[in-house]
Amino acid sequence: MSDHAEILSLDKAHKYLKSSDLSSCTLYSICEPCPMCSFMIREYRISKVVFALASKFMGGYSKWKILEDKEITQFKEYFAPPPAVVSGVLEEEAKKVFNQTPLWMFGSEVSKPKL
């Protein structure tokens with residue numbers, strides 16, 4: 001499903017600013033962006049990403065390294081340099097919310113799928 005909060009936000013910012021260059025913008029999220037969202041962040045040239053909770057299974061920063069990948073920058077017409085990333089912002093508050101929800105991709109041992 002492509003209706004991830006980050007992609008919806010990027011699309012709205014793109015339409016509002018009438019530009020695909022969002023390098024003056026910071027993206028804030030409770031959760032670490034997934035790989036799909038991370039590629040979109042790089043395409044829209046977001047300069048800073050701030051999130052509370054890392055995702056050791058699906059994270060585009062902590063697991064798949066897309067948000068820090070310098071190699072894809074060689075495709076300058078598609079991907080901007082890596083954004084600054086700040087993780088753990090309001091992490092304890094976010095954990096309180098997510099402890100009420102079985103979201104295995106954020107590392108809950110209780111709700112982790114059997115592989």
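**A tour of the predicted model**

Begin by selecting Val86, Val89 and Leu90, which form a nonpolar patch on the surface with about 230 Å² of accessible area together. Patches consist of residues with over 30% relative accessible area and no salt bridge, where like charges are joined within 9 Å and nonpolar side chains (Val, Leu, Ile, Met, Phe, Trp, Tyr) within 5 Å. Accessible areas come from the Shrake-Rupley method with a 1.4 Å probe, and for residues only the protein chains shown count as cover.

This is a predicted model, in which local features need pLDDT of at least 70 and side-chain atom pairs count only at pLDDT 80 or more, while totals for chains, interfaces and linings use all residues. Residues are numbered from 1 along each chain as its sequence is written, and side-chain values use heavy atoms, with hydrogens and water left out.

Within the patch, select valine 86 in strand β3 (residues 84-87). Helices (H or I, at least four residues) and strands (E, at least two) are DSSP runs, numbered from the N terminus. Valine 86 counts as partly exposed at 31% relative accessibility; buried means under 20% relative accessible area, exposed over 50%, and partly exposed in between (1.4 Å probe, protein chains only).

Move next to leucine 90, in the loop between β3 and α3 (91-98). Leucine 90 is exposed, with a relative accessible area of 56%, and has a positive phi of about 55° although it is not a glycine. Most residues other than glycine have a negative phi. Arginine 45 also merits selection: its phi is positive, about 65°, although it is not a glycine. Arginine 45 lies in the loop between α2 (35-43) and β2 (48-53).

Continue into helix α3 and display glutamate 91 and lysine 95, whose side chains meet in a salt bridge (3.6 Å, N to O). A salt bridge is a side-chain nitrogen of Lys or Arg within 4 Å of a carboxyl oxygen of Asp or Glu. Glutamate 91 and lysine 95 are four residues apart in helix α3, and are therefore separated by about one helical turn. Add glutamate 92, which also forms a salt bridge with lysine 95 (3.7 Å, N to O). Salt bridges that share partners join Glu91, Glu92 and Lys95 into one network.

Then select glutamate 68 and lysine 65, which form a salt bridge with their closest N and O atoms 3.8 Å apart. Glutamate 68 is partly exposed, at 36% relative accessible area, and lysine 65 is partly exposed, at 41%.
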